[in-house]
Amino acid sequence: MHDHTLEVHGAHAYDSTGAISQPIYLSSTFRHPGFGKSTGYDYGRVGNPTRDALEKTIARLEKGDRSWAVSSGMAAINLVLILFDPGDHVLLSEDLYGGTVRLANEIYGHYGIDFEYVDTTDLALLESRVRPNTRAIFIETPSNPMMFITDIAAASEIAHKAGAFLVVDNTFLSPHFQKPLTLGADMVVHSGTKYLCGHNDVIAGFLVVKDGSSKEAQRLEMLVKSEGPNMSSMDAWLMLRSLKTLGIRVERQAQTALSIAHWLREHPQVTEVHYPGLPDSPGYEVQKKQASGNGGMLSFKVTSAELAKSMLERLKLIAFAESLGGVESLLTYPIAQTHAEMPKELLARTGLDDKLLRFSVGLEDKEDLIEDLKQALEV
Ligand code: PLP
């Protein structure tokens with residue numbers, strides 16, 4: 001089945017009523033038909049039919065074996081980091097969502113896990129940092145917020161040669177545009193809050209594994225059951241509803257983002273535009289090879305920090321807010337918001353500074369978005 005069809009139909013199995021919309025099962029527990037017998041559902045933390053339908057749908061979209069729907073993107077990333085043991089070494093992209101860096105450094109770092117940040121777009125550098133105790137490589141591509149592109153197939157080869165596994169945070173492109181598991185990655189994580197939800201109204205996360213029988217997948221099954229990070233059935237239903245329009249949303253957002261990237265480039269107050277769909281952007285060729293679209297995220301720098309800050313206050317249509325991937329366009333100031341707690345050294349390495357703004361392009365008409373940017377950039 002092709003992507004749009006899968007997004008609309010997912011893993012929906014019709015029940016005896018023929019309901020077209022997946023029913024929401026709000027029951028926290030399930031009656032046993034007899035002693036030692038089960039309907040397949042016993043207790044809501046372990047399994048819920050609405051959540052199951054969503055997990056199967058996401059696994060199908062990402063071409064994985066198994067997925068877990070959890071309460072946030074951070075809950076999904078936490079499930080990955082909890083797999084590591086003291087003494088393990090983990091390589092991560094140096095441009096990364098700030099919350100992932102905080103979780104690694106401030107929480108798991110204290111348990112003796114060694115997290116090292118590296119420019120994963122430089123494959124020779126990435127390979128040179130692998131150690132005998134490297135357990136995994138964790139990348140974002142495109143990265144948040146600098147839009148750096150890492151070659152997923154090459155990174156997976158480096159990981160596998162070292163006996164490690166590759167995790168890709170696929171939040172920015174969604175499976176509609178990029179399927180890391182088909183390129184060699186072993187796990188995919190998502191902030192489902194973003195494009196998969198698409199309406200700025202659910203906090204959600206997903207973890208998908210390529211091989212449901214791997215030792216990591218077995219452990220994840222036990223961890224989810226024991227720790228209970230699961231998504232509620234109401235949120236699972238909202239996510240199923242959102243997924244039906246994933247493709248048409250992100251295709252239109254990508255089209256508008258490309259037009260806006262071209263427009264921003266010509267603006268005298270804009271000094272840099274980062275969008276992987278611009279033919280002269282550094283990751284363009286790799287992006288073209290591994291993704292079928294470039295997404296609705298872009299970042300740009302203006303001539304001064306003062307202009308960046310004052311621009312946020314002049315916006316009329318675009319909201320100054322922290323998040324991305326929804327139908328409403330949002331402008332974020334990463335240095336003070338999403339990446340406020342990022343170590344200074346990493347910011348300096350990636351070029352994330354106080355002149356950078358991150359734009360999540362929504363579904364509004366591009367003329368209206370450009371008009372708003374234009375008036376907000378006027379000095
Ligand atoms: N990964 C990326 C790329 C993100 O941008 C975010 C949040 O902005 C997260 C993970 C964390 O997701 P959540 O906010 O759903 O916990």
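The dialogue below discusses how to read the ligand site and three residues of a predicted model.

Student: What should I know about the model before reading it?

Tutor: The model is predicted: local features need pLDDT of at least 70, side-chain atom pairs count only at pLDDT 80 or more, and totals for chains, interfaces and linings use all residues. Residues are numbered from 1 along each chain as its sequence is written, and side-chain values use heavy atoms, with hydrogens and water left out.

Student: Which residues come nearest to the ligand?

Tutor: A residue is near a molecule if one of its heavy atoms lies within 4 Å of it. Here 14 residues surround the ligand, and G73, M74, D169, S191 and T193 come nearest. Helix 3 (residues 73–81) supplies the largest share of this shell, three residues. Helices (H or I, at least four residues) and strands (E, at least two) are DSSP runs, numbered from the N terminus.

Student: Which polar atoms lie beside the ligand, and at what distance from a nitrogen atom of the ligand is D169?

Tutor: A polar contact is a pair of N or O atoms within 3.5 Å; within protein, one must be able to donate a hydrogen and the other to accept it, and residues adjacent in sequence count only if both atoms are side-chain atoms. A polar side-chain atom of D169 lies 2.7 Å from a nitrogen atom of the ligand. An oxygen atom of the ligand is 2.9 Å from a backbone N or O atom of G73, and an oxygen atom of the ligand is 3.1 Å from a side-chain N or O atom of N144.

Student: How much of the ligand does the protein cover?

Tutor: Accessible areas come from the Shrake-Rupley method with a 1.4 Å probe; for residues, only the protein chains shown count as cover. On its own the ligand has 390 Å² of accessible area, of which the protein covers 92%.

Student: Is D151 buried or exposed?

Tutor: Buried means under 20% relative accessible area, exposed over 50%, and partly exposed in between (1.4 Å probe, protein chains only). D151 counts as buried because its relative accessible area is 12%. D151 lies in the loop between strand 4 (134–140) and helix 6 (152–161). The side chains of D151 and K289 share a polar contact of 2.6 Å, and a polar side-chain atom of D151 is 3.0 Å from the backbone nitrogen of A154.

Student: Where is L373, and how far in space is L373 from L264?

Tutor: L373 belongs to helix 14 (residues 366–377) and is buried, at 0% relative accessibility. L373 and L264 are 109 residues apart in sequence, and their C-alpha atoms are 8.8 Å apart.
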